[in-house]
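The following exercises concern a sheet and a ligand site. Please work through each task before reading its solution.

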Amino acid sequence: MTILVTGGAGFIGANFIRYWLDAHPLDRVVCLDKLTYAGNLSTLRPLLGRENFRFVRGDICDRDAVDALFEEERPGVVVNFAAESHVDRSIEDPGVFLRTNVLGAGVLMDACRKFGARRFHQVSTDEVYGDLPLDRPDLLFSETTPIHASSPYSASKASADLLALAYFRTYGLPVTISRCSNNYGPYQFPEKLIPLMIANALADRELPVYGTGENVRDWLYVEDHCRAIDAILSGGRPGEIFNVGGHNEMRNIDIVRLILRRLGKPESLIRFVADRKGHDLRYAIDPAKIHAELGWLPETRFEDGIARTVDWYLENRGWWEEIVSGEYRNYYERMYGGR
Ligand SMILES: NC(=O)c1ccc[n+]([C@@H]2O[C@H](COP(=O)([O-])OP(=O)(O)OC[C@H]3O[C@@H](n4cnc5c(N)ncnc54)[C@H](O)[C@@H]3O)[C@@H](O)[C@H]2O)c1
């Protein structure tokens, strides 16, 4: 079986490709990625020589290129991770979020229809539900919680979900959707909370925390997310949405303190900065459906996952220092330039 993974040079996509090739060694994985600032081909470096892996640089919005790739590879399954994914950037410049996250998803679904893929899986986010109050720990997002997006990012992800459900209803395209909580783990771009704090703490730079750091996120180790998508691809009914989360709510400030403790750095490095516009207070996923229907449960406890993650960033300084310095952008040219 050939599986097309879009956005596979990003954080979760790259973890997913590694996971998939381990779990399904007989499958062929094709990765389509535009290599925006968030895509880093060096993450996939160990796989580039493998016979059952192919990397293609391209834009999911480019219909001709997408059709040509489908014609050539005839993927049975498509998993769409490709997205602009940073909320702050969506507040600065929403246009590219609409283009990639909505129109790009539409181009992929059209190709799935045209070339007869048997599954299109849209990787979505719990942010489509908006936020929950801090003082109601009993409230959780279920799959039937109404969409109530707060940022241009989450609105674009919600739009893609609606489009996918419409393609299922209108054309019978076999789509599934996963809405996952915040992921953490290796290979996350150092603009996101956990790697940013680790990188700054190691350099003894200030750790900027929005507002008072009270905002709550539900954290899931990235490998657990990959296993959830695998479970949905094999057992999830087309047309269905699955929430994916670990019942693991943490305040941002507590995560930052935990990282400082693990690195032996002082809390005086924390600097509270002006809050993000429209900052969501709390996300919390109810994963009862994926557990009941597909038997999925997270396997990594937060204490273990965060320790593993901090250690990974310590042991792989080269990976993120290349990003911080901008050097990673040259990797594609070194690998493919002139070929
Ligand atoms: N990170 C999280 O905590 C989280 C949680 C829930 C859902 N998600 C969703 O999971 C997906 C992956 O998130 P991530 O954190 O790995 O993102 P990321 O920003 O690390 O990676 C996105 C990847 O998509 C590629 N890309 C962007 N625009 C493209 C285009 N037009 N054509 C082809 N490739 C393009 C980038 O080059 C990059 O490799 C996103 O759809 C995101 O909405 C993320």
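Contact here means heavy atoms within 4.5 Å, and an angle between elements runs from 0 to 180 degrees between N-to-C directions of the fitted axes. The model is predicted.

**Exercise 1.** Determine the strand order of the open sheet and locate the helix that lies across E9 and E11.

*Solution.*
1. The open sheet consists of three strands in the order E7-E9-E11, with mixed pairing.
2. Its edges are E7 (182-184) and E11 (249-251), each of which pairs on one side only.
3. From one strand to the next, the twist averages 50°.
4. E7 pairs with E9 (residues 216-221) in the parallel sense over three bridges; Asn 183 stands opposite Leu 220 in E9.
5. Helix H8 (residues 252-263) lies across E9 and E11 and runs at about 80° to E11.

**Exercise 2.** Identify which atoms of Gly 10, Thr 100 and Asn 183 approach the ligand, and describe the shell around the ligand.

*Solution.*
1. Gly 10 places a polar backbone atom 2.9 Å from an oxygen atom of the ligand.
2. Thr 100 has a polar side-chain atom 3.1 Å from a ligand nitrogen atom.
3. For Asn 183, a backbone N or O atom lies 2.8 Å from an oxygen atom of the ligand.
4. The protein covers 97% of the 840 Å² of accessible area that the ligand has on its own.
5. The ligand is surrounded by 28 residues; by class, the shell has 12 nonpolar, 12 polar and four charged residues.
6. E5 supplies the largest share of this shell, three residues.

Conventions
Residues are numbered from 1 along each chain as its sequence is written. This is a predicted model: local features need pLDDT of at least 70, side-chain atom pairs count only at pLDDT 80 or more; totals for chains, interfaces and linings use all residues. Side-chain values use heavy atoms; hydrogens and water are left out. Two strands pair if DSSP finds at least two bridges between them. Helices (H or I, at least four residues) and strands (E, at least two) are DSSP runs, numbered from the N terminus. A residue is near a molecule or strand if one of its heavy atoms lies within 4 Å of it. A polar contact is a pair of N or O atoms within 3.5 Å; within protein, one must be able to donate a hydrogen and the other to accept it, and residues adjacent in sequence count only if both atoms are side-chain atoms. Accessible areas come from the Shrake-Rupley method with a 1.4 Å probe; for residues, only the protein chains shown count as cover. Ala, Val, Leu, Ile, Met, Phe, Trp, Tyr, Cys and Pro count as nonpolar, Asp, Glu, Lys and Arg as charged, and the others, Gly among them, as polar.
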